[in-house]
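Notebook open, coffee poured. I want to go through this model from the whole chain down to a few odd backbone spots.

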Amino acid sequence: MLMKAGVPHEVLNAKNNEREGSIIAQAGKLGGVTVATNMAGRGVDIILGGNPPSPEEARRVREVGGLHVIGTERHEARRIDNQLRGRSGRQGDPGSSRFFLSAEDDLLRIFGGDRLKNIMGRFNLPEDQPIEVGMMSKIVGQAQAKVEGANFDMRKHLLEYDDVLNQQRTTVYNRRFDILTSLNKEHLSKVVFESAERHFNALVSQAIAETVEMSPEKLAELKKIFVDAVIIDKNYELEITNYEEKLRNVLQGRSEKSAEDGQTIARVLSILDMLWMNHLEELEALSGSIGLRAYGQKDPLVEYRNEAHKLFSDFWSNFDAWIFMNLFRMMAQTQIGADGTLRSNSGQARTVAENNQRQAAIRVGSSDSASVLADKVGRNDPCPCGAKKADGRPVKYKHCHGKNL
């Protein structure tokens, strides 16, 4: 529109980086028109008369009122409007500002629409007639105050929610650093034992929850859990009179053994990191939906704290359960053959030996390979030789070494 009206002007939109300095420097010349975005030129003094300044031209600019700022809307925050007004009237120079608004602007439509509609309807004013009354400025100011209050509450609640996450983050990171720096075997053994013992205590509490005392049936179930976790083997004898002391001593010994495994720290840290990432995703989903509980007359922040605490407790319970159920099993797999004194390794040893036998038969192409594989590998299972298709999927046994069987 300025070009059609023949008005010379410059555009300051933070895109003309090379010319931005010269545009700002000459924006204060007599008759100069600069079209600028909100961010362009902020914090820069526009010198009347241009830069380098011309005293005569500067005097003529002051005589006509100095720099005049025209705003095309009022923003949600009054601070932004004040920053735009602050382009004029700087360093003692004269200046003025004027803002033009539309009744269809989001600010007025959402936050001040009813009062504005009543005024327009009462006076039956045409849509294209400007309204210049103090009441309009008051309506705009009240609308801005509502938006600022809503944004303040959002930031405040976000900070309160983040405080909950920050406390949990601090706890996890301290625990992680403690594990990472466990160069002392005694300390690492203590870390593993404490996690395994907590899960053990939870298993015992669950077993005697109804009967108060341990029953032979529940003791058999508890023993099976220990056997599955490769902590004891199935021939280990347990009696109700001293089962807790015996199992706790076994856990202590297995924890000390795990401290000698060079991969224990990496395994513990990897599961801690994975569980923590899953926990962060759960908290993010919780924060996005917790606001709906306000419809049930409940404080979303209180509900978020309670739910986050439960999720955090489950996080540590899952971590302790993984240590108990998987760490010693993984350790047994890597120590087969290197340590034959572990009674619980017998089953794992057979599995490893059978795998080695199958692989050896395949490598040398012996006549026993077919019978060994046929007994242990299903036709639709991946072939033990590790063959892959072009897309990376494993080749089925019936299409590879089992083709001619």
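**Surface first.** I started with the accessible surface, which comes to about 25,400 Å² for the protein. Carbon and sulfur atoms own 52% of that surface. Note to self: this is a predicted model, so every value here is computed from predicted coordinates.

**Overall make-up.** I looked up the secondary structure next and got 13 helices and four strands. The protein has 405 residues, and 32% of them count as buried. Then I checked the contacts between residues at least 6 apart in sequence: 60% of these join residues at least 24 apart.

**A helix pair.** I picked H7 (residues 185–207) and H8 (residues 216–228) for a closer look. Their axes come within 10 Å and cross at roughly 155°. Angles over 145 degrees count as roughly antiparallel, so H7 is roughly antiparallel to H8. I also looked up the handedness, and H7 passes H8 in a right-handed crossing.

Which residues make the contact? From H7 I wrote down Phe200, Leu203, Val204 and Ala207. From H8 the list is Lys218, Leu222, Ile225 and Phe226. Sorted by class, the contact of H7 with H8 has seven nonpolar residues, one charged and no polar ones. The charged one is Lys218.

**A cis peptide.** Going through the backbone, I stopped at the bond from Asn51 to Pro52. This peptide bond is cis, with omega near 5°. Where does Pro52 lie? I found Pro52 in the loop between strand S2 (34–36) and helix H2 (55–63).

**Positive phi, entry one.** Gln91 has phi near 55°, a positive value in a residue other than glycine. I traced Gln91 to the loop between helix H3 (78–85) and strand S4 (95–99). Is Gln91 buried or exposed? Its relative accessibility is 68%, and the cut-off for exposed is over 50%, so Gln91 counts as exposed.

**Positive phi, entry two.** Gln297 is not a glycine either, yet its phi is positive at about 60°. I located Gln297 in the loop between helix H10 (264–289) and helix H11 (300–334). With 73% relative accessibility, Gln297 counts as exposed.

**Wrap-up for the page.** To go back to on screen: the H7 and H8 crossing at roughly 155°, the cis bond from Asn51 to Pro52, and the positive phi values of Gln91 and Gln297.

Technical notes. Residues are numbered from 1 along each chain as its sequence is written. This is a predicted model: local features need pLDDT of at least 70, side-chain atom pairs count only at pLDDT 80 or more; totals for chains, interfaces and linings use all residues. Side-chain values use heavy atoms; hydrogens and water are left out. Buried means under 20% relative accessible area, exposed over 50%, partly exposed in between (1.4 Å probe, protein chains only). Contact means heavy atoms within 4.5 Å. Accessible areas come from the Shrake-Rupley method with a 1.4 Å probe; for residues, only the protein chains shown count as cover. Axes are lines fitted to C-alpha atoms, for helices over the stretch in contact, and angles run from 0 to 180 degrees between N-to-C directions. Angles under 35 degrees count as roughly parallel, over 145 as roughly antiparallel, 65 to 115 as roughly perpendicular and the rest as oblique. A crossing is left-handed if the near helix is turned anticlockwise from the far one by less than a right angle, and right-handed if clockwise.
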